[in-house]
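Welcome! Please take a moment with the sequence and the 3D view before reading on.

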Amino acid sequence: QVQLVESGGGLVQPGGSLALSCVASGSIFKINTMGWYRQAPGKERELVAAISSGGNTNYADSVKGRFTISRDDAKNTVYLRMNSLKPEDMGVYYCNAEVSTIGTTLLRGYWGQGTQVTVSS
């Protein structure tokens with residue numbers, strides 16, 4: 001019913017920047033909170049940043065001041081701008097969105113397939 005597709009991952013040197021995008025499509029009525037999570041090898045998936053439908057943002061302490069989350073509701077898209085990347089930022093980045101589909105007001109969480117971010121010299 002709803003698909004999330006991430007793009008923008010890749011290989012970057014420490015101190016570099018990357019921009020991720022995630023587009024939601026399908027039978028969407030309303031998107032509530034959108035967010036980015038990451039999972040490093042051998043670690044649990046963790047919240048990186050989230051943005052509410054009202055534009056309120058929340059960041060993991062480890063990325064505050066370096067990452068910026070934003071959204072374009074007209075395009076059903078959430079972005080993550082990542083600056084001053086560190087090796088510890090490496091992992092698979094997943095997009096998440098709370099969506100109510102057409103015909104219901106119930107919210108359900110959807111995940112993208114993930115995009116790899118590698119920070120290495």
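In this report, contact means heavy atoms within 4.5 Å. This is a predicted model, where local features need pLDDT of at least 70, side-chain atom pairs count only at pLDDT 80 or more, and totals for chains, interfaces and linings use all residues. Residues are numbered from 1 along each chain as its sequence is written, and side-chain values use heavy atoms, with hydrogens and water left out.

Let us start with strand β9 (strands are DSSP runs of E, at least two residues, numbered from the N terminus). Y94 is found in this strand, and so is N96. Leaving aside neighbours within four places in sequence, Y94 is in contact with E6, G35, W36, Y37, Q39, R45, W111, G112, Q113 and G114. With the same kind of neighbours left out, the contacts of N96 are L4, T33, M34, G35, Y37, Y110 and W111. A polar atom of the N96 side chain lies 3.2 Å from the backbone oxygen of Y110.

Are these two residues buried or exposed? Buried means under 20% relative accessible area, exposed over 50%, and partly exposed in between (1.4 Å probe, protein chains only).

| Residue | Relative accessible area | State |
|---|---|---|
| Y94 | 14% | buried |
| N96 | 11% | buried |

Y94 also has a partner far along the chain: its C-alpha atom and that of L47, 47 residues apart, are separated by 9.4 Å.

Conventions
Helix = DSSP H or I, 4+ residues; strand = E, 2+ residues; numbered from the N terminus. Polar contact = N/O pair within 3.5 Å; in protein donor to acceptor, adjacent residues only side chain to side chain.
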